[in-house]
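Please look through the structure shown here before reading the points. They are meant for someone who has not seen it before.

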Amino acid sequence: MTNRTHSTRRWLIGASATALLAAFAATAQAQDTAPLDTDDSEEIVVTGSRIARPDVTANVPIAVVGSEAVDQSGVTNIQDLLNELPQLGIASTRTNSNFSYTGNGISTLSLRNLGPNRTLTLINGRRAVAGTAGSSAVDVNNISPTLIERVEIITGGASAVYGSGAIAGVVNFIMKDKFEGLQVNLQTGLTEQGDAPKHVASITGGTRWGKDDRGQALFSISYEDDRGLRSRDRDLSAQDRFLATVGPVAYSSFAPQGRFDLITRAGTSAGIFTFDTSNNVVNGFPTGYGYNRNNDSGLSVPVERYLGTFNLSYDVTDKIEAFVETTYAKTETRNYWSPYSIDSFQAYRNLTDGIPITNAFIPASIQARIAAANSDGIASNDIVTLTFRSRAVDIFSRENVGKRETWRVATGFKGEFGDGWRYDASYVYGKLDDLTTGSDINYLNYQRALDAVYDPVSNKIICRSAEARADGCVPINMFGYHNVDPAAAAYVTRDGERYNHVINEQHVFAANVSGSIGGFEAGDIGVAFGTEYRKESSSSDWDARTNAGLNSTSQAPDITGSYDVLEFYAEADVPILAEQSWAHYLGVTGAVRYSDYSTIGEVFSWNAGIEYAPIEDLRFRAVYARANRAPTIAELYAPQGFANISGLTDPCAGVTATSTRALDAACRAIPSVAQAISTFGALNYEIPFDYNTIGGFSGGNPNLEEETADTLTVGAVFTPSSLKGFSASIDYFQIDIDNAIGTIPPQLSITQCLQTGDPAFCNNVRRFSSGKIDDVDTFLSNVASIKTSGVDLNLRYATEAGLLDGDWLDVSLLYTYLISLEQVSYPGAAVDENVGELAAAGRLGSGYEHKASLHVTYSFDAWTFALTTTYQGPIEDTLDKDYTGQADAAYLNDLNDVPAFIYNDIQVRWASGEDREVEIYAGIDNLFDKQPPLIPAGFAATTTGAETAAGNYDVFGRRFYLGVTTRF
């Protein structure tokens with residue numbers, strides 16, 4: 001059977017099942033004309049189950065962020081608030097996505113540091129379209145904080161209830177669906193230093209409509225202008241750094257005036273030269289002649305957002321509600337990036353070619369040196385080319401402009417039938433249209449323009465190739481400052497526009513029925529069952545030159561793929577005992593889900609739980625689950641493309657015939673390395689130049705299987721009747737992922753090949769005939785395993801404070817103690833423990849052993865005061881790292897140990913009128929101006945241009961905001 005036929009069958013079955021469930025529910029409810037009970041205070045549906053039940057008896061731990069907490073935080077992007085919670089790690093943010101060719105300013109979520117593809121993000125319990133190409137990660141930029149009723153977060157496998165992707169847990173945004181009147185909100189803010197301004201305006205309205213006010217209409221429009229922040233505007237990141245060096249000594253040798261190397265026939269250097277600001281030739285490349293990249297870099301991406309929501313609902317009968325939810329989001333971004341660094345390797349795509357010595361722009365003094373060397377009768381001394389490094393300051397800007405549009409429509413019916421049975425049937429459509437554009441070099445034109453010769457006929461410098469001249473070639477002068485003719489810049493960038501166009505689409509048909517089966521002494525059995533059909537498609541279209549690797553961007557292939565899945569599930573909540581002398585309550589829960597994917601075939605997930613309350617005030621709970629994650633479209637279908645890989649080192653660098661380092665013998669056994677030792681006495685690398693040229697092929701794998709996870713949560717909830725308003729819960733969680741999709745990190749392939757000679761590693765590594773590393777490949781496969789465990793503590797106490805008449809105090813604390821966060825990259829590999837280590841390439845997320853969030857609210861009369869304190873425990877850039885033996889070792893070891901950080905945010909709010917018609921509020925984030933830790937370039941966790949682990953730490957400093965909300 002073909003995939004297409006199989007897919008069509010699944011679609012027909014899914015549509016039929018959905019229709020049958022909806023018809024069953026509609027028929028049943030039409031036979032019962034009893035009025036719909038509108039009091040839903042006793043039982044509600046909470047995330048983690050589709051069975052309605054009191055939220056205090058939820059069988060899984062839930063962290064809830066309510067609308068008041070959102071308002072009191074002053075956040076304009078909900079990610080900023082959620083990332084303060086200890087359950088969440090750091091995914092893509094506006095402070096760590098600046099240095100990317102796509103997706104600048106994307107906001108995604110990562111539960112338990114397991115990544116956004118293992119975190120299921122829902123809106124009103126329904127799926128949302130992915131925000132990046134080929135992934136399942138949702139961009140929460142598209143969710144308006146104004147409309148959030150609450151956010152519910154659960155940990156552990158929830159695939160049996162919600163399907164693929166819920167390995168780490170679920171973040172469910174419950175949005176407001178009722179609103180009366182009109183509300184206008186204005187907010188503005190900036191930092192203490194007067195920069196990074198942010199302005200927000202929104203208008204929200206709603207009304208009842210139709211016969212007997214059966215209809216409800218709601219709309220909301222909001223606009224945000226976040227201007228971002230430059231690296232140069234903070235002392236920590238104003239200048240380039242590398243390890244202990246900072247300032248001119250750390251500046252890039254890819255400078256606007258150029259750094260040129262006279263290369264002999266023997267492949268050696270006959271001298272380096274550059275230029276001063278008057279364009280005089282300077283021998284060598286003295287300190288201070290480099291380029292400060294951080295002057296152009298960014299700490300935070302500017303983001304401009306437009307959000308629109310329009311919802312309608314109508315009670316067709318007392319038991320049938322029709323609804324439609326529509327949202328539109330438009331996001332525009334521009335990243336901050338230094339002009340592109342260009343060298344002869346990138347221009348000519350090999351290590352030997354450079355600017356021809358016949359180039360007519362070569363300064364006269366250098367031409368004389370070339371002539372002298374080439375006429376001394378020693379052939380090996382002949383200068384044959386000029387290799388170079390330069391910065392494309394006068395040629396093109398590397399900055400991206402991103403425009404993303406996201407549409408989402410959810411429509412259907414929901415209601416009740418029979419004796420307390422509920423149903424819903426819905427269709428969700430989502431679409432992302434993301435276009436990122438930027439300028440770039442056309443490398444074929446660039447090579448032609450570099451081959452410039454003097455034409456005695458016209459008395460002008462021209463392109464050597466007649467074909468190039470016929471094509472409009474204009475010679476380019478790379479020697480010195482600002483000597484590039486604008487016409488030459490236009491020629492070498494002609495047809496060089498870089499773009500990436502992403503389109504994601506999602507279709508979801510779902511039907512659910514839930515209710516209870518009565519007649520049992522211990523209580524009714526709650527049940528839920530349903531079906532879902534989902535189709536996902538994604539395409540990522542790069543420009544033709546990026547596809548071919550003919551511009552400054554690493555070669556990137558297009559991605560096109562789709563899959564669909566048909567699923568059926570059932571869930572039960574079974575009370576066994578109640579109101580016994582030794583058991584106030586004893587019950588079990590369970591859920592099963594069958595999924596049939598067009599890609600990986602049939603998948604089965606399930607969970608089973610138990611609840612025991614010896615007394616009414618104390619409840620124990622445990623849930624064990626088998627969860628799964630199907631491969632994403634990018635993981636399956638991304639073509640295998642080539643890209644440069646930063647940060648690699650070769651243990652063979654510097655090996656000689658007699659050196660005795662641990663891997664030197666293995667290095668000498670490599671024929672090309674042995675030849676380099678024979679010819680030059682050692683394998684010599686020019687660092688960092690040669691390392692910067694290392695690349696590799698990577699891509700998807702259509703033969704991937706699903707990831708599977710066994711998850712366990714065990715805990716207790718304490719709600720003492722003697723202390724009203726107090727609740728406490730403590731839960732142990734453990735998530736074990738097998739068959740995890742990953743790659744063997746390139747550095748690991750290099751090292752393990754030398755240590756073991758295993759083809760699993762050595763087949764990934766290729767070397768030039770010179771012995772230096774050429775490529776290191778990284779292809780996706782089901783090779784890894786991941787495990788994380790810890791303890792969550794959730795405390796809340798709300799009471800009258802008694803300081804003033806009618807005052808109210810509300811204190812909540814969320815704390816996580818992380819026991820383990822480990823991965824095994826491939827079978828047989830050593831366990832890589834990430835607890836106590838910051839996130840970096842090849843690692844899981846930042847493993848803070850201790851992380852907590854405290855929220856305190858005190859209110860009286862018209863005033864509300866709020867304090868949020870976030871604690872991040874001490875951590876290391878790299879575990880057990882020791883710089884002893886290097887220069888500034890003590891200083892570097894101190895930097896590696898990052899101390900604990902405490903951030904405090906405050907807000908004061910004043911309301912006027914009985915219905916709080918006018919609210920004026922002001923707040924200070926990072927009250928004590930806590931500066932981020934210095935984690936400079938050369939450290940594993942640094943963010944380029946930030947000189948710290950941006951995303952984990954606040955790069956803005958103290959900032960203020962002021963807002964007003966008016967209701968009519």
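The points below take up confidence, the disulfides, one set of paired strands and one loop residue.

1. Confidence. This is a predicted model. The average pLDDT of the chain is 90, and 93% of the residues reach at least 70. Two stretches deserve caution. Residues 1-9 have a pLDDT below 50, and this stretch makes 7 contacts in the model beyond near neighbours in sequence. Residues 11-41 also fall below 50, with 37 contacts in the model beyond near neighbours in sequence. Where pLDDT is low, the predicted coordinates should not be read in detail.

2. Disulfides overall. The whole structure was searched, and 3 disulfides were found. With the bonded cysteines numbered in sequence order, the pairing reads 1-2, 3-4, 5-6. A disulfide is a covalent bond between the sulfur atoms of two cysteines.

3. C463 and C473. The sulfur atoms of this disulfide are 2.0 Å apart. The link is left-handed, at -75° about the S-S bond. C463 belongs to strand β26 (residues 460-463) and C473 to the loop between α8 (466-470) and α9 (486-492), so the bond ties together parts 10 residues apart in sequence. C463 counts as buried because its relative accessibility is 1%. C473 is buried as well, with a relative accessible area of 11%.

4. C652 and C667. Here too a disulfide is formed, with the sulfur atoms 2.0 Å apart. The angle about the S-S bond is -90°, and the link is left-handed. C652 sits in the loop between β33 (641-644) and α12 (664-668), while C667 is in helix α12; the two are 15 residues apart. C652 is buried at 0% relative accessibility, and C667 is buried at 0%.

5. C753 and C762. The S to S distance in this disulfide is 2.1 Å. The link is right-handed, with 105° about the S-S bond. Are these two cysteines buried or partly exposed? C753 has a relative accessible area of 18% and is therefore buried, the cut-off being under 20%. C762, at 22% relative accessibility, counts as partly exposed.

6. Strand β18 and its partners. Strand β18 (residues 303-317) runs antiparallel to strand β10 (residues 215-226), and 12 bridges join them. Within this pairing, A217 has L312 of β18 as its bridge partner. β18 is also joined to strand β19 (residues 320-334), again antiparallel, by 14 bridges. R305 stands opposite T331 in β19. β18 and β19 make a hairpin, with 2 residues between them. In a regular strand the side chains alternate between the two faces of the sheet.

7. E706. Where does E706 lie? E706 is in the loop between β34 (695-699) and β35 (707-718). Leaving out residues up to four places away in sequence, E706 touches I600, V603, N628, R629, A630, P631, N739 and N782. W863 is not on that list of contacts. From E706 to W863 the C-alpha to C-alpha distance is 52 Å, and the two are 157 residues apart in sequence.

8. Points to check when viewing. Treat the stretch of residues 11-41, where the pLDDT is below 50, with reserve. For the disulfides, set the right-handed link of C753 and C762 beside the left-handed link of C463 and C473. For the strands, follow β18 from its bridges with β10 to its bridges with β19.

How values were computed
Residues are numbered from 1 along each chain as its sequence is written. This is a predicted model: local features need pLDDT of at least 70, side-chain atom pairs count only at pLDDT 80 or more; totals for chains, interfaces and linings use all residues. Side-chain values use heavy atoms; hydrogens and water are left out. pLDDT is the predictor's confidence in each residue, from 0 to 100. Contact means heavy atoms within 4.5 Å. Helices (H or I, at least four residues) and strands (E, at least two) are DSSP runs, numbered from the N terminus. Two strands pair if DSSP finds at least two bridges between them. A disulfide is a pair of cysteine sulfur atoms within 2.5 Å. Buried means under 20% relative accessible area, exposed over 50%, partly exposed in between (1.4 Å probe, protein chains only).
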